[in-house]
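Hi,

Here is the structure I said I would pass on. Have a look at it first, and my notes come right after.

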Amino acid sequence: MTVIDDNVPERVLIISAEMGEGHNAAASALTEAIQESWPQCKVDKLDTMELHGVRFARAARWAYGFQLKAAPWTYEMFYDQLSRSDRFAGGAKSAVGAFFGRRLAKVIDGRQPDLVISTYPFGSAALDWMREKRGFSTLTVTYCPAFHVHPLWVYPHIDLHFVMYDTAGEHARMRGFEETMRLGAPPVRDGFGNTSRGEARELLGLPPEEFVVLMTGGAWGIGDIAPGVEALLKMEPPVHVVAVCGKNAALEAELRTAAADSDGRLVVYGYVSTMPELMAASNVVVTNGAGVTVLEALRTPRPVVAFAPLAGHGTASTTEMVRRNLAVEARDVQGLVEQIRRLNTDPDLLHTMELAGESWVEGRDLRRSIGEIQALYALRLGALNGTNAGSADSADSADNVAAQG
């Protein structure tokens with residue numbers, strides 16, 4: 001009988017992009033899980049935007065950040081059209097696929113991976129174009145690190161789509177999507193959920209009994225963080241605020257000035273590698289509702305306050321989390337103060353959200369997701385070799401890999 005664990009990829013390519021930190025963070029988490037599950041496997045990474053050069057990638061990052069800060073309504077309009085119009089979505093998918101697919105085809109020809117995983121929608125579009133136009137036969141997987149699946153994430157020629165919520169098919173707007181859809185684990189690195197609140201507070205020097213609010217705008221420090229922090233510092237009963245500014249140096253400088261006059265109620269960080277401990281130490285995580293940050297909070301698990309959610313994917317993701325009691329929304333500073341006061345003074349509400357988070361992460365293991373990919377890879381390998389590799393064992397492979405992990 002064929003042993004499923006012998007049928008694993010030797011070379012994996014993960015396609016991501018530095019558009020914020022979430023897509024790269026998901027790629028790193030997948031790399032970590034792959035190397036633990038398949039020790040002999042070599043993992044390479046590729047930035048989708050850099051297929052057109054480093055200058056293009058820098059310009060695209062700047063333009064995206066500027067759009068979110070200065071003209072969010074334009075992104076909201078694009079996202080709304082993408083989510084509602086099949087014709088608009090189809091045109092966008094075709095254009096993006098061709099634009100990146102031709103460049104990706106040249107890169108992949110030189111690497112010859114056994115498996116390609118995309119954590120960025122433009123990378124998935126390129127893979128779909130290669131399958132349709134160039135006959136690319138390598139196993140392709142999309143791992144969506146967001147709580148909303150818009151149509152640019154899904155393609156008929158992608159073999160597996162891993163998503164974070166069970167009703168993603170409603171938003172994918174693609175016939176047959178459910179056949180390739182898998183409910184995945186949050187693609188976050190090891191460490192989240194492994195430390196108790198007391199241990200984390202002792203490690204970080206935070207007060208053991210106070211209500212701690214962690215505020216973050218992701219790697220770029222995007223959102224109304226400064227006015228939100230200012231309002232929270234005036235609250236009664238008082239709360240302790242930990243602000244993570246990411247790479248936003250101006251925001252960090254502004255908040256450090258505020259911290260000097262906060263009587264110790266405000267702690268400010270820049271870009272950190274200690275987010276697992278910071279989240280463990282908090283009672284509530286306040287963020288802009290988008291990206292991997294919310295998945296890290298839910299994995300910990302900590303209730304999320306989606307504060308002034310980012311246009312497009314931020315508002316859409318917030319809606320899905322609120323539906324599941326995983327988050328509450330605060331559209332403005334006044335709403336933020338009200339939600340933090342509710343959570344601070346209503347232990348039943350806080351407990352309900354904590355239990356919802358625990359229930360949501362229960363059974364979700366990233367190594368199990370890797371096991372599902374392995375099962376399909378072994379099945380495809382067996383078909384190519386004319387054997388029954390994976391036929392009996394592949395049904396159990398995800399459980400086997402999860403157990404080994």
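Below is what I found, going from pockets to salt bridges to a stretch of strands. Keep in mind that this is a predicted model.

Pockets first, since you will probably want those. The largest pocket comes out at about 1,000 Å³. It is lined by 47 residues, and those closest to its centre are Met-19, Gly-20, Glu-21, Gly-22 and His-23. Five helices give two or more residues each to this lining: H1, H2 (54–70), H3 (72–84), H5 (121–134) and H12 (292–299). H1 is the top contributor, with 6 residues. If you are thinking about the character of the lining, the split is 27 nonpolar, 17 polar and 3 charged residues.

The second largest pocket has a volume of about 320 Å³. Here 14 residues do the lining, with Pro-113, Asp-114, Ser-137, Thr-138 and Leu-139 closest to the centre. Both H4 and H16 (366–385) supply at least two lining residues, and H16 has the largest share with 4. By class you get 8 nonpolar, 3 polar and 3 charged residues.

Now the salt bridges. The count for the model is 19, and a few of them are worth a look on screen.

Asp-114, which you just met at the second largest pocket, pairs with Arg-11 at 3.3 Å from N to O. That contact joins distant parts of the chain: Arg-11 sits in strand S1 (residues 11–16) and Asp-114 in the loop between helix H4 (86–111) and strand S3 (115–118), 103 residues apart. Arg-11 has a relative accessible area of 34%, so it counts as partly exposed.

Lys-247 and Glu-18 make another one, at 3.8 Å from N to O. These two are 229 residues apart, with Lys-247 in the loop between strand S8 (240–244) and helix H10 (249–260), and Glu-18 in the loop between S1 and helix H1 (22–37). Neither end is buried: Lys-247 is partly exposed at 47% relative accessibility, and Glu-18 is partly exposed at 25%. The pair also belongs to a salt-bridge network made up of Glu-18, Glu-21, Arg-61 and Lys-247. Glu-21 is the one to click on here, as it is also among the residues closest to the centre of the largest pocket.

Then there is Asp-365 with Arg-367, where the closest N and O atoms are 3.6 Å apart. Which end of that pair is buried and which partly exposed? Arg-367 is at 10% relative accessibility, under the 20% cut-off, so it counts as buried. Asp-365 is at 25%, so it falls in the partly exposed range.

Last, the strands around S11 (residues 304–307). Val-304 and Ala-306 point one way from S11, Val-305 and Phe-307 point the other way, and all are buried. That fits the usual pattern, in which side chains of a regular strand alternate between the two faces of the sheet.

S11 has a parallel partner in S10 (residues 284–287), over 3 bridges, with Thr-287 bridging to Ala-306. S12 (residues 327–330) also runs parallel to S11, joined by 4 bridges, and there Val-305 is matched with Val-328. The chain goes from S11 through helix H13 (residues 313–323) to S12 in a right-handed β-α-β crossover. S10, H12 and S11 form a right-handed β-α-β unit too, and H12 is one of the helices that line the largest pocket.

Cheers

Methods: Residues are numbered from 1 along each chain as its sequence is written. This is a predicted model: local features need pLDDT of at least 70, side-chain atom pairs count only at pLDDT 80 or more; totals for chains, interfaces and linings use all residues. Side-chain values use heavy atoms; hydrogens and water are left out. A salt bridge is a side-chain nitrogen of Lys or Arg within 4 Å of a carboxyl oxygen of Asp or Glu. Buried means under 20% relative accessible area, exposed over 50%, partly exposed in between (1.4 Å probe, protein chains only). On a 1 Å grid over the protein atoms alone, a cavity is a set of points where a 1.4 Å probe fits but cannot get out, and a pocket is an open set with protein on both sides within 12 Å along at least five of seven lines; lining residues have an atom within 4 Å of a point. Grid points are joined across faces, edges and corners, and a volume is the space filled by probe spheres set on the points. Ala, Val, Leu, Ile, Met, Phe, Trp, Tyr, Cys and Pro count as nonpolar, Asp, Glu, Lys and Arg as charged, and the others, Gly among them, as polar. Two strands pair if DSSP finds at least two bridges between them. A crossover is right-handed if, with the strands pointing away from the viewer, the path from the first strand over the helix to the second runs clockwise.
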